[in-house]
Amino acid sequence: DIMNAPEDAKQELEKCKTELLRQAYLLGKQELVDKILSYAPVIIDTEELQKQYDKAFWDLFSEEYDNKKYDRLFELLSHLKKLYLALAPSKEQLINDIIDVDFIKQRIENNAYTNQELLLLVNNIFDIIKSLQAPINDSKLEEFRSHIDIDNLHFPTILKHIVELTRHIIVSLENLKKD
């Protein structure tokens, strides 16, 4: 816990550790202290773990999409829609019109989307995000938008960027709450 704790908590945790070892000595002498100290701490790099999890998720998501298994896609779109509606209830009609999951589901399952139509959907979702995010993130959004290849459009890759931008919105809001 000391290794993973914020700097301001480490000193207090060190005091707790010292007191626990002192009490262990009173209970079981040096043998108990040595036994406690023999346990190696488990060190987890939570950022690296999150990166690995994200990569595995998006690899699976892409594989399922390529194999025409769309359940995860529709769940993700539903989740994003609910999130955007919670963030901008005044834009309910717009969000419902753009992220009409039942309509999108019908079109995707019947392979009815042209690349132009899919690009329009993606750009409309980017517009929703742009209206919700801090202007400082606009350049990242426009970068994603500009790298979309209409001839080789891969919806899972674009959704990954949409989720990334949406995470930035949530993090920004959480940071505002803290301040």
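What covers the buried residues of helix 6? The cover includes helix 3, helix 4, helix 5, helix 7 and helix 8. The model is predicted, so that local features require pLDDT of at least 70 and side-chain atom pairs count only at pLDDT 80 or more, whereas totals for chains, interfaces and linings use all residues. Residues are numbered from 1 along each chain as its sequence is written, and side-chain values use heavy atoms, with hydrogens and water left out.

Helix 6 comprises residues 115-132. Helices here are DSSP runs (H or I, at least four residues), numbered from the N terminus. The expected span of a helix is 1.5 Å times one less than its number of residues. For the 18 residues of helix 6 the expected span is 26 Å, and its end C-alpha atoms are 26 Å apart, which agrees. Leu118, Leu121, Val122, Asn123, Ile125, Phe126, Ile128 and Ile129 of this helix are buried; the term buried denotes under 20% relative accessible area, exposed over 50%, and partly exposed the range in between, with a 1.4 Å probe and protein chains only.

Helix 8 (residues 155-178) has 24 residues, which should span 34 Å, and its end C-alpha atoms lie 35 Å apart, in agreement with that value. Its buried residues are Phe155, Pro156, Ile158, Leu159, Ile162, Val163, Leu165, Thr166 and Ile169. These buried residues pack against helix 2, helix 3 (71-87), helix 5 (101-109), helix 6 and helix 7 (138-146).

The axes of helix 6 and helix 8 are 10 Å apart, and the two helices pack at an angle of about 5 degrees. Helix 6 is therefore roughly parallel to helix 8. Axes are lines fitted to C-alpha atoms, for helices over the stretch in contact, and angles run from 0 to 180 degrees between N-to-C directions. Angles under 35 degrees count as roughly parallel, over 145 as roughly antiparallel, 65 to 115 as roughly perpendicular and the rest as oblique. From helix 6, Leu118, Leu121, Val122, Ile125, Phe126, Ile129 and Leu132 meet Phe155, Ile158, Ile162, Leu165, Thr166 and Ile169 of helix 8; contact means heavy atoms within 4.5 Å.

Helix 2 and helix 3 are arranged in another way: their axes come within 8 Å and cross at roughly 120 degrees. The two helices are therefore oblique to each other. On the side of helix 2, Phe57, Trp58, Leu60, Phe61, Glu64 and Tyr65 make the contact, and on the side of helix 3, Arg72, Leu73 and Leu76 do so.

Aromatic residues take part in this region. The structure holds six aromatic pairs, where rings of Phe, Tyr and Trp (its six-membered ring) pair if their centres lie within 6.5 Å; planes under 30 degrees apart count as stacked, over 60 as edge-to-face and the rest as tilted. One of these pairs is edge-to-face and joins Phe57 to Trp58, at 4.9 Å centre to centre and with 85 degrees between the planes. Trp58 also pairs with Phe61: the ring centres are 5.2 Å apart and the planes stand at 70 degrees, so this pair is edge-to-face. Trp58 and Phe61 both belong to helix 2 (residues 46-66), three residues apart, about one turn of the helix. Phe57 is partly exposed at a relative accessible area of 24%, whereas Trp58 is buried at 10% and Phe61 is buried at 2%. Ring pairs also link Tyr65, Tyr70, Phe74 and Phe155 into a cluster.

A ring also takes part in a further arrangement. The charged end of Arg107 sits over the ring of Tyr113, 4.7 Å from its centre; the criterion is that NZ of Lys or CZ of Arg is within 6 Å of the ring centre and within 35 degrees of the ring normal.

The loops add several details. Asn137 lies between helix 6 and helix 7 and counts as buried at 15% relative accessibility. Neighbours within four places in sequence aside, Asn137 is in contact with His168 and Ser172. Asn111, in the loop between helix 5 and helix 6, counts as exposed at 63% relative accessibility. Phi of Asn111 is near 50 degrees, a positive value in a residue other than glycine. Lys29, in helix 1 (residues 7-38), has a positive phi of about 60 degrees although it is not a glycine. Asp100 lies in the loop between helix 4 (92-98) and helix 5 and is partly exposed, with a relative accessible area of 31%. Its C-alpha atom is separated by 8.7 Å from that of Ser78, 22 residues apart along the chain.
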